[in-house]
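Me: Please take a close look at a single part of this structure. Give me one connected account, with cut-offs where they matter.

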Amino acid sequence: MAGRNLNQTALHIPDGYLSPATCAALYAGAAPFWYVSLQRMKRAFNTQMVPLLSVFAAFSFIIMMFNLPLPGGTTGHAVGVGIATIVLGPWASILGISIALIIQAVFFGDGGITAIGANCFNMAVIGSLATYAIYRVLAGRASITSARRVIAAGVAGYVAINLAALAAAIEFGIQPLLYHDASGAPLYAPYPLRIAIPAMMIGHLTIAGLAEMVVSAGVVAYLQRSEPALLKRTAPGAAESSAAVGSLRHLWFALAALLILTPLGILATGSAWGEAPLAQAPRGLRALSSFWTAPMPRYAPPFLKSPAFGYLLSAMTGTGLILLVVLLTGWLTRGRAGSRGLTK
Amino acid sequence: MSGYIERTIASLVAASERAAIAEQVAFSEGALQRVDPRVKVAGLFALIVVVAASRRLSVIAALFVIAAILAAASHVRMRRLAGWVWLPVLFFTGAIALPAIFLTPGHAVASLGITAITEQGLRAAAFLIGRAETASTLSALLVLTTPWPWVLKALRIFRCPMIVVAILGMTYRYIFVILQTALEMFEARQSRTVGVLPPSERRRLASSAAGVLLSKSVQMSGEVHQAMRSRGFRGEIHLLQDFRARATDWCWLAGFGLVAAASLWYGR
Amino acid sequence: MNIFQLRDVSFKYETVAAIDGVSLDIEAGKRIALLGANGSGKSTLLRLLDALSFPGAGSISFQGQPLSEVRFADHQFAFDFHRRVGLVFQNPDVQLFNPTVFDEVAFGPLQLRWSKSEIVARVNAVLESMEIAHLKDRPPHRLSGGEKKRVALASVLVLDPEVLLLDEPTAALDPRSQSQIIDLLIGWGDGGKTVITATHDLGLVEDIADHCVILQAGKVAAEGNPAELLADQALLQRANLVHAHRHRHGSVVTHSHPHTHPHKHGSETI
């Protein structure tokens with residue numbers, strides 16, 4: 001399937017992974033956001049809403065097909081929700097990304113038809129709102145062309161995709177708890193939360209998250225050079241000059257807060273689902289590593305088998321990756337001035 | 001590590017070809033092609049929901065066979081279904097389902113040293129793969145036997161707002177316009193690229209391409225808006241819907257209803 | 001009688017003046033060519049005539065009615081105006097926004113709330129007369145450039161407008177499609193309709209116009225009989241319509257050359 005090889009991650013949930021009740025609940029969860037977005041769009045754009053949404057959804061669809069070179073030599077695909085939100089605002093992004101996802105599901109078989117509600121809820125609703133909140137907080141009042149906006153866009157896209165993945169992981173993870181047949185065999189996604197969450201997050205903390213970061217930061221950097229007016233919608237009160245040196249320091253503080261919160265967030269999610277985080281999460285990771293490195297554990301040093309180490313490793317990976325993202329974005333933006341000749 | 005441009009071009013071309021083939025098959029004279037789109041949309045959607053709801057593997061397998069028979073009767077070649085749906089779904093969902101065979105606790109049927117295959121694990125994998133394959137086949141049948149604009153107009157039977165139907169139609173239309181622009185941009189880029197660019201440069205190029213496409217899209221939406229206003233558009237959407245259900249369509253509807261109800265009953 | 005009357009019309013995009021103090025009288029039933037190089041304001045002027053934008057200064061009236069934002073708040077007036085004045089855009093991808101050819105041609109009539117049977121009959125008749133009936137279920141992305149142009153034209157002509165505004169109707173078409181479109185326009189204009197064509201293709205002018213307006217940098221540089229204006233080499237050079245070393249002798253075009261100036265966007269390359 002043309003679309004099938006586009007999204008190697010399970011962020012586009014296919015049919016059969018979620019029970020009909022879960023699907024219905026997520027349709028119901030997405031519906032009020034669709035409704036509010038439609039009302040807001042009608043008010044903000046009037047008769048221009050129909051062509052704007054259509055062309056923008058088509059753009060998002062095409063962006064999802066871009067094969068993006070990522071740091072580390074791999075390539076990946078972005079959802080485009082970061083840049084959609086930054087240019088059009090969260091409401092238009094919710095609708096635009098949803099429309100692109102619906103066409104992907106129905107026409108190209110990418111993502112299930114029963115899971116449209118779930119996919120829209122995770123990627124369009126959570127993705128857009130998370131991008132918007134993080135971008136607004138991190139970008140602050142920085143001028144339209146400031147490097148801080150590029151970093152804010154990259155981080156916002158990265159975190160938004162990871163939150164969407166977390167939501168999908170939770171949806172997967174509650175399936176075996178709720179639905180199994182008489183023999184105890186899971187009827188839908190078979191992995192419990194303690195496996196589903198780390199399995200989903202590792203792929204998204206690395207490839208999918210980085211892809212979204214590259215597109216969000218890169219397109220913002222491009223628009224700063226060639227069409228800064230397109231960045232104004234989500235930058236109210238942006239400073240006129242790009243002088244604000246102090247603004248970058250604020251950014252680092254905001255980022256530090258984010259870094260500290262990330263592992264806490266993972267812990268909090270664990271306990272929210274009724275599991276004592278430190279005792280249970282490692283068991284999931286241990287189970288996970290047993291099928292990833294199946295033949296290996298025998299020869300591995302004993303501390304690798306320690307459950308606490310497994311959890312620490314995953315938390316460190318996440319935090320480290322965020323730090324990496326920040327450094328890379330900064331480095332990307334620094335290199336930007338030199339490339340002007342090539343991109344114009 | 002070059003080739004990301006080639007891979008993007010390949011994705012774009014594949015999407016375009018897939019659409020072309022779907023359009024071609026949809027206009028051929030097969031069994032499902034002759035059915036009223038509203039009946040097809042409702043019927044196939046009902047079957048997909050039943051696939052998701054069934055608690056018995058045998059019912060899912062039966063629905064898969066029905067989907068394959070419908071495909072054969074509608075000029076949808078098995079090879080095409082295998083290439084577009086069955087194999088990709090098997091690879092993707094299969095890879096996800098495989099560890100479940102070992103990880104699901106339950107009655108062990110075969111021991112492999114440090115781990116064991118469980119009966120529950122096998123059933124879990126079979127449910128996941130069976131559902132994903134059957135539902136994907138049914139949804140592929142819909143777009144392979146129904147031109148996209150008709151699929152959209154048929155959505156009106158689910159009380160889908162007119163404005164959503166219009167936006168979905170217009171999005172599909174502009175996917176091809178933007179796809180063409182992207183293709184030309186990448187091909188031009190490809191012809192000018194000599195040697196291998198450093199990774200940072202490749203990233204910058206990819207995001208600049210996305211940026212160019214974005215600003216062109218915004219500009220285009222403004223022009224489309226003018227073109228719509230020029231022909232009397234005032235924000236209200238009106239659609240012409242001209243489906244007429246014939247006697248055979250009612251038979252199909254009854255057939256879909258019967259299969260769905262029976263599967264739901266047996267699959268409790 | 002004047003169908004359009006423009007008095008000191010100016011229009012700016014942000015800070016750039018696209019139309020700068022234009023006054024024109026356009027007679028009903030005339031066929032008019034708006035000549036000018038890229039950026040001379042032709043497309044902007046057509047959009048002003050179609051009431052898609054409104055002048056920043058000066059006034060435009062259509063059959064004595066001023067065209068203003070306030071006037072167009074009235075739905076009935078807007079419907080009536082857009083039925084009587086049709087614009088064919090230069091880029092058919094912009095104009096063909098519907099999923100099929102039939103839906104495309106039916107879009108205008110649907111907006112104007114014609115009855116269903118009337119719409120079906122009229123759309124089929126127009127498709128027939130434009131020889132595109134066989135394309136009616138096709139999506140626009142499976143059409144050739146010439147076919148797209150004919151569908152765009154059909155989508156406007158189905159409303160049977162009194163005034164037809166055309167933006168570069170032959171741009172980016174192969175010679176055969178070009179002459180088909182020109183023949184169609186000649187045939188249609190004979191019925192006492194007003195046809196205003198914006199173009200930089202001098203070879204087209206004598207076929208499609210009996211009055212000619214030359215625009216230069218948003219101003220009217222000259223106005224009059226096509227044959228006379230096209231003979232004025234100094235004028236054509238000033239308006240960037242000919243190159244110094246390529247020019248006409250009498251009515252014969254020497255050194256004729258493919259005269260396309262591809263539309264330049266801000267940053268075409270990546």
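Reply: Start at the edge of a sheet: L215(C) has V220(C) as its bridge partner in strand 10 of chain C. The model is predicted: local features need pLDDT of at least 70 and side-chain atom pairs count only at pLDDT 80 or more, while totals for chains, interfaces and linings use all residues. Residues are numbered from 1 along each chain as its sequence is written, chains are lettered from A and ligands numbered from 1 in the order in which they are written, and side-chain values use heavy atoms, with hydrogens and water left out.

That partnership belongs to a set of 5 bridges joining strand 9 (residues 211–216) to strand 10 of chain C. The two strands run antiparallel. Helices and strands here are DSSP runs numbered from the N terminus: helices are H or I with at least four residues, strands are E with at least two. Two strands pair if DSSP finds at least two bridges between them.

Now the whole sheet. In chain C, 6 strands make an open sheet in the order 6-7-8-3-9-10, and the pairing is mixed. Strand 6 (85–88) and strand 10 (219–224) of chain C are its edges, each pairing on one side only. From one strand to the next, the twist averages 15°.

Strand 8 (194–199) of chain C sits between strands 7 and 3 in that order. On one flank, 5 bridges join strand 7 to strand 8 of chain C, running parallel. L164(C), for example, has V195(C) as its bridge partner in strand 8 of chain C. On the other flank, strand 3 and strand 8 of chain C also pair in the parallel sense over 5 bridges. There L35(C) meets T199(C) of strand 8 of chain C as its bridge partner.

How many residues of strand 8 of chain C are buried? The count is 6 of 6. Buried means under 20% relative accessible area, exposed over 50%, and partly exposed in between (1.4 Å probe, protein chains only). T194(C), I196(C) and A198(C) lie on one side of the strand, V195(C), T197(C) and T199(C) on the other, and both faces are covered. In a regular strand the side chains alternate between the two faces of the sheet.

Helices supply contacts to the sheet. Helix 1 of chain C lies across strand 3 (31–35), strand 6, strand 7 (163–167), strand 8 and strand 9 of chain C. Helix 1 runs at about 155° to strand 7 of chain C. Helix 3 of chain C lies across strand 6 and strand 7 of chain C, at about 60° to strand 6. Contact means heavy atoms within 4.5 Å. Axes are lines fitted to C-alpha atoms, for helices over the stretch in contact, and angles run from 0 to 180 degrees between N-to-C directions.

Helix 1 of chain C has a second sheet to deal with. In chain C, 4 strands form an open antiparallel sheet in the order 2-1-4-5. Its edge strands are strand 2 (16–27) and strand 5 (65–66) of chain C, each pairing on one side only. Helix 1 (residues 42–49) of chain C packs on this sheet, touching strand 1, strand 2 and strand 4 (57–62) of chain C, and its direction makes about 125° with that of strand 1.

Salt bridges also link these helices to other parts of chain C. A salt bridge is a side-chain nitrogen of Lys or Arg within 4 Å of a carboxyl oxygen of Asp or Glu. K42(C) and E168(C) form one, at 3.5 Å from N to O. K42(C) lies in helix 1 and E168(C) in the loop between strand 7 and helix 8 (175–189) of chain C, so the pair ties together parts 126 residues apart in sequence. K42(C) is buried, with a relative accessible area of 5%, and E168(C) counts as buried at 4%.

R83(C) forms another with E162(C), the closest N and O atoms being 3.9 Å apart. R83(C) is in helix 3 and E162(C) in the loop between helix 7 and strand 7 of chain C, so this pair ties together parts 79 residues apart. Both ends are partly exposed: R83(C) has a relative accessible area of 25%, E162(C) one of 27%. The two also belong to a network of salt bridges that links D80(C), R83(C), R84(C) and E162(C).
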